[in-house]
Amino acid sequence: MDNLVDNLDTLLARIDPTRIPEHVAIIMDGNGRWAAGRGKPRSDGHAEGVSSVHEAVEFSSDLGIKYLTLYAFSNENWRRPRQEVDTLMYLIGWAIERELPDLIRNNVRIRLVGDIERIPADARRRLRDAERDTAGCTGLTLLMCLSYSARWELTEAARSLARRAAAGELDPADISEEMMADRLDTAGVPDPDLLIRTGGEHRISNFLLWQIAYSELYFTPVLWPEFGKEAYARAIIDFQSRERRFGMTSAQVSGLTSDSEK
Ligand code: IPE
Ligand code: IPE
Ligand code: MG
């Protein structure tokens, strides 16, 4: 059904407004290949990717999605050439400051996720300002994952529980899944319903390993700078065609099973 003649209105008409995911997470990949395909430097791809972020935030707000988590820079991305890292950090700081008035107007709350202390001071200040200035916003919550990796986050959580146990404040036997979740950067946020990865790779790259235990995964070859509202709408339509069983049977989740069979 999906083809190039689908316009946004046609796609929107296919979205069921009663089954909008509460939380969407996106691995924004493919900026470098988008630029290379045009004979441009990789940084041009990152710059172009900023407008896709703007569109994804706007579309998420319009659909009534409550949480949007964007993977913008991984812990592993620090290994890239110095010049690319510098450009990315500059772009992140510049973009967040430029977008701030719009974010406030649209009632979007920014929450920073990751090892933010590693971000260079200038970009970090702009990010913290945005987090502070949007703290009272009650619409979409935008979780920006920067200098983030899931194994780092899980290790920090383990360390924090171990400290409490060593201090005699916690019996290791009492450690629960909820206590782990409460120590992650995403504490208080429901797990993603839908995880999208653009750019054609079929991997997770150290993103939200705990939180995506039951997320629906959607991979698209569309490169991030070309991921607009149409491509996002297609992901939502695909999500709505899935049956989420959470370990149960199809009959159970569709409510057809009699109580005795449950
Ligand atoms: C995603 O695009 C942005 C970041 C990882 C910061 P890439 O820069 O990874 O683009 P490709 O994968 O090389 O095309
Ligand atoms: C994942 O993309 C990280 C972000 C999108 C921020 P990468 O381009 O870094 O992933 P790999 O290295 O190809 O797995
Ligand atoms: Mg990549």
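Helices, at least four residues long, and strands, at least two, are DSSP runs that are numbered from the N terminus, and the exercises below use these labels for a predicted model.

**Exercise 1.** Determine which residues surround ligand 1, and which element gives the most to this shell.

*Solution.* Begin with the residues that have a heavy atom within 4 Å of the ligand. Ligand 1 is surrounded by Met28, Asp29, Gly30, Asn31, Gly32, Arg33, Arg42, His46, Ala72, Asn77, Arg80 and Leu88. Next, sort this shell by class, which yields three nonpolar, five polar and four charged residues. Then assign the residues to elements: H2 makes the greatest contribution to the shell, with three residues.

**Exercise 2.** Find which polar atoms of glycine 32, arginine 33 and arginine 42 lie within 3.5 Å of an oxygen atom of ligand 1, and state how much of the ligand's accessible area the protein covers.

*Solution.* Take the backbone first: an N or O atom of the main chain of glycine 32 is 2.9 Å from a ligand oxygen. Turning to side chains, an N or O atom of arginine 33 lies 2.7 Å from an oxygen atom of ligand 1, while for arginine 42 a polar side-chain atom is found 2.8 Å from a ligand oxygen. As for cover, ligand 1 has 370 Å² of accessible area on its own, and the protein covers 88% of this.

**Exercise 3.** Locate ligand 1 among the pockets, and describe the lining of the pocket concerned.

*Solution.* The first step is to place the ligand, which sits in the largest pocket. The elements that supply two or more residues to the ligand shell are helix H2 (31-36) and helix H3 (42-63). The second step concerns the pocket itself, which holds about 920 Å³ of space. Its lining comprises 44 residues, of which Met28, Asn31, Tyr71, Ala72 and Phe73 are closest to the pocket centre. Two or more lining residues come from each of H2, H3, strand S2 (67-74), helix H4 (82-105) and strand S4 (141-148), and H3 provides the largest share, ten residues. Sorted by class, the lining has 20 nonpolar, twelve polar and twelve charged residues.

**Exercise 4.** Describe the volume, lining and residue classes of the second largest pocket.

*Solution.* Start with the volume, which is about 250 Å³. Then list the lining: Glu177, Glu178, Ala181, Asp182, Leu184, Thr186, Ala187, Gly188, Val189, Asp191, Trp210 and Gln211. Finally, divide these residues by class, which gives five nonpolar, three polar and four charged residues.

Conventions
Residues are numbered from 1 along each chain as its sequence is written. Chains are lettered from A and ligands numbered from 1 in the order in which they are written. This is a predicted model: local features need pLDDT of at least 70, side-chain atom pairs count only at pLDDT 80 or more; totals for chains, interfaces and linings use all residues. Side-chain values use heavy atoms; hydrogens and water are left out. A polar contact is a pair of N or O atoms within 3.5 Å; within protein, one must be able to donate a hydrogen and the other to accept it, and residues adjacent in sequence count only if both atoms are side-chain atoms. Accessible areas come from the Shrake-Rupley method with a 1.4 Å probe; for residues, only the protein chains shown count as cover. On a 1 Å grid over the protein atoms alone, a cavity is a set of points where a 1.4 Å probe fits but cannot get out, and a pocket is an open set with protein on both sides within 12 Å along at least five of seven lines; lining residues have an atom within 4 Å of a point. A molecule sits in a cavity or pocket if more than half of its atoms lie within 2 Å of its grid points. Ala, Val, Leu, Ile, Met, Phe, Trp, Tyr, Cys and Pro count as nonpolar, Asp, Glu, Lys and Arg as charged, and the others, Gly among them, as polar. Grid points are joined across faces, edges and corners, and a volume is the space filled by probe spheres set on the points.
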